Amino acid sequence: MSSFISAGTTRDTAESTIENNGFWPDIPPSDFRERHRLDSTITSARIEGALLAAMATVNRMLRHWQAEKVDAGYPTVDDIPVPVWQAPGVFLGLYHRAVFSTAHASLLERYADYDATNSARERGEQLADPADSYRRDAAWAISEIEGRPHSTVELI
């Protein structure tokens, strides 16, 4: 009789919170793991690296918006008044969505090359769509923070 024993699904508690720039919140990798259902088959080092790179990308994209808010007298995202039509904490939620989606897309792209066989190529093709979807989610979250439409269409 044989049975399947899952390995690597326990949470690694050695992950430390990733420090942010003071305007945006620090990011605990455990929040990312929980929200995106990622178990410990993805190492803490990979999670932390993906989150750090995602934070750098999202912070760069939002740098002008952040500077505008700081100049207006709001030193952190928590100090910004929320428009009456939005739920409390909307900017923080959208920021997390942008960072987590960017990090998850990056991880999907990296794990596509896990196997050097023909199945790796097929798996890479299968993972391309979800990675693109996560990147779209991140772009939309950034657009929502900035108050822009999700897409721009211009006539040539």
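This report describes the helices, the aromatic pairs and selected residue environments of a predicted model.

**Overall architecture**

The chain contains five helices and zero strands, and its elements follow the order α-α-α-α-α from the N terminus. Of its 156 residues, 35% count as buried. Among contacts between residues at least 6 apart in sequence, 68% join residues at least 24 apart. The exposed area of the chain is about 10,000 Å², of which carbon and sulfur atoms supply 53%.

**Helix α4**

Helix α4 covers residues 90-111. At 1.5 Å a residue, its 22 residues should span 32 Å, and the end C-alpha atoms are 31 Å apart, which agrees with that expectation. The helix is mostly covered, with 17 of its 22 residues buried.

Two residues of α4 illustrate its surroundings. Tyr95 lies in this helix and counts as buried because its relative accessibility is 0%. Thr102 is also found in α4; its relative accessibility of 12% is under the 20% limit, so Thr102 counts as buried as well. The side chain of Thr102 reaches the backbone oxygen of Ala98 at 2.8 Å. An α-helix has 3.6 residues a turn, so residues three or four places apart point the same way. Leaving aside neighbours within four places in sequence, Thr102 is in contact with Ala54, Val58, Arg135 and Ala138.

**Aromatic pairs**

The structure holds six aromatic pairs. Two of them, both involving Trp24, are set out below.

| Pair | Centre to centre | Angle between planes | Arrangement |
|---|---|---|---|
| Trp24 and Trp65 | 5.8 Å | 20° | stacked |
| Trp24 and Tyr95 | 4.2 Å | 5° | stacked |

Trp24 belongs to the segment before α1, whereas Trp65 belongs to helix α3 (residues 63-71), so their pair ties together parts that are 41 residues apart in sequence. The pair of Trp24 and Tyr95 likewise links distant parts of the chain, since Trp24 is in the segment before α1 and Tyr95 is in helix α4, 71 residues apart. Both Trp24 and Trp65 are buried; for Trp24, the relative accessible area is 2%. Phe23, Trp24, Trp65, Phe91 and Tyr95 together form one aromatic cluster.

**The surroundings of Asn20**

Asn20 is placed in the segment before α1 (29-35). With a relative accessibility of 11%, under the limit of 20%, Asn20 counts as buried. Its side chain makes a polar contact with the side chain of Tyr95, at 2.8 Å. Tyr95 therefore has both a polar contact with Asn20 and a stacked pairing with Trp24, while counting as buried at 0% relative accessibility.

Not counting residues up to four places away in sequence, Asn20 touches Pro25, Asp26, Met55, Asn59 and Tyr95. Asn20 and Asn59 are 39 residues apart in sequence, and their C-alpha atoms lie 9.2 Å apart in space.

**A charge over a ring**

Another side-chain arrangement involves Arg136, which lies over the face of Trp140 at 5.0 Å from the ring centre.

Terms used
Residues are numbered from 1 along each chain as its sequence is written. This is a predicted model: local features need pLDDT of at least 70, side-chain atom pairs count only at pLDDT 80 or more; totals for chains, interfaces and linings use all residues. Side-chain values use heavy atoms; hydrogens and water are left out. Helices (H or I, at least four residues) and strands (E, at least two) are DSSP runs, numbered from the N terminus. The expected span of a helix is 1.5 Å times one less than its number of residues. Buried means under 20% relative accessible area, exposed over 50%, partly exposed in between (1.4 Å probe, protein chains only). Contact means heavy atoms within 4.5 Å. A polar contact is a pair of N or O atoms within 3.5 Å; within protein, one must be able to donate a hydrogen and the other to accept it, and residues adjacent in sequence count only if both atoms are side-chain atoms. Rings of Phe, Tyr and Trp (its six-membered ring) pair if their centres lie within 6.5 Å; planes under 30 degrees apart count as stacked, over 60 as edge-to-face and the rest as tilted. A charge sits over a ring if NZ of Lys or CZ of Arg is within 6 Å of the ring centre and within 35 degrees of the ring normal. Accessible areas come from the Shrake-Rupley method with a 1.4 Å probe; for residues, only the protein chains shown count as cover.
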